[in-house]
Amino acid sequence: QVQLVESGGGLVQAGGSLRLTCAASGRTFSSYVMGWFRQAPGKEREFVAAINWSGGNTYYADSVKGRFTINRDKNTVYLQMNSLKPEDTAVYYCAARDRWYSVTHEPGYDYWGQGTQVTVSS
């Protein structure tokens with residue numbers, strides 16, 4: 001009942017910035033937790049950031065802390081990525097889950113977008 005669509009990916013040089021957008025539609029309520037995950041070639045999908053949809057509480061993976069910022073506005077969530085590194089190259093996915101609990105745990109998310117490619121050149 002919930003659809004998530006990511007956009008904003010692309011090619012950027014190391015040190016540059018990019019903002020990803022995740023638009024949610026369908027059955028969505030204010031208490032949903034929204035998260036960003038990413039999957040690099042040959043790697044498993046990993047947690048990036050999460051935000052409480054109504055309260056604005058945030059949590060970041062250590063690998064992106066201080067460089068990435070998650071934000072939201074109504075049924076849209078953003079991932080502002082600054083000081084990008086080649087290691088950030090991956091397909092980025094947004095996801096939604098029911099509550100602020102174990103937000104880094106991938107299977108806890110009920111809905112997923114199709115992903116958007118981010119490529120950071122050196």
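Two residues are said to be in contact when heavy atoms of one lie within 4.5 Å of heavy atoms of the other. The structure described here is a predicted model, in which local features need pLDDT of at least 70 and side-chain atom pairs count only at pLDDT 80 or more, whereas totals for chains, interfaces and linings use all residues. Residues are numbered from 1 along each chain as its sequence is written, and side-chain values use heavy atoms, with hydrogens and water left out.

Trp 100 is considered first. This residue lies in the loop between strand 9 and strand 10 (111–112); strands (E, at least two residues) are DSSP runs numbered from the N terminus. With neighbours within four places in sequence set aside, Trp 100 is in contact with Val 33, Ala 50, Ile 51, Asn 52, Asn 57, Thr 58 and Tyr 59. Relative accessible area is used to class residues as buried (under 20%), exposed (over 50%) or partly exposed (in between), with a 1.4 Å probe and protein chains only. Trp 100 has a value of 34% and is therefore partly exposed. The C-alpha atoms of Trp 100 and Trp 53 are separated by 9.4 Å, although the two residues are 47 residues apart along the chain.

The next topic is the sheet. Strands of a sheet pair through backbone hydrogen bonds, either parallel or antiparallel. For the present analysis, two strands pair if DSSP finds at least two bridges between them. In this model, 4 strands form an open sheet in the order 1-3-8-7, with antiparallel pairing. Strand 1 (2–7) and strand 7 (68–73) are the edge strands, each of which pairs on one side only. From one strand to the next, the twist averages 15°; the underlying axes are lines fitted to C-alpha atoms, for helices over the stretch in contact, and angles run from 0 to 180 degrees between N-to-C directions.

Strand 1 and strand 3 (residues 18–26) run antiparallel and are joined by 6 bridges. Within strand 3, Gly 26 is the bridge partner of Val 2, and Thr 21 is that of Ser 7. The side chains of strand 1 alternate: Val 2, Leu 4 and Glu 6 point to one face and are buried, while Gln 3, Val 5 and Ser 7 point to the other face and are not.

Thr 116, in strand 11 (residues 116–121), has contacts with residues of strand 1. Its contacts, apart from neighbours within four places in sequence, are Glu 6, Ser 7, Gly 8, Gly 9, Leu 20, Ala 90, Val 91 and Tyr 92. A polar atom of the Thr 116 side chain lies 3.2 Å from the backbone nitrogen of Gly 9. At 10% relative accessibility, Thr 116 counts as buried.

Charged pairs form a further topic. Side chains of opposite charge can pair when their charged atoms come close. A salt bridge is here a side-chain nitrogen of Lys or Arg within 4 Å of a carboxyl oxygen of Asp or Glu, and the structure holds 7 of them. In one of these, the closest N and O atoms of Glu 106 and Arg 45 are 3.1 Å apart. Glu 106 lies in the loop between strand 9 and strand 10, and Arg 45 in the loop between strand 4 (33–39) and strand 5 (46–52), so this pair ties together parts that are 61 residues apart in sequence. Both residues are partly exposed, with relative accessible areas of 24% for Glu 106 and 26% for Arg 45.

Another salt bridge joins Asp 88 to Arg 67, with the closest N and O atoms 2.7 Å apart. This pair links distant parts of the chain, 21 residues apart: Asp 88 is in the loop between strand 8 and strand 9, and Arg 67 in the loop between strand 6 (58–60) and strand 7. Asp 88 is buried at 1% relative accessible area, and Arg 67 is buried at 12%. The side chains of Asp 88 and Arg 38 are joined by a polar contact of 2.9 Å. A polar contact is a pair of N or O atoms within 3.5 Å; within protein, one must be able to donate a hydrogen and the other to accept it, and residues adjacent in sequence count only if both atoms are side-chain atoms.

Asp 98 and Arg 99 also form a salt bridge, with a closest N to O separation of 3.7 Å. Salt bridges that share partners join Arg 38, Glu 46, Arg 67 and Asp 88 into one network.
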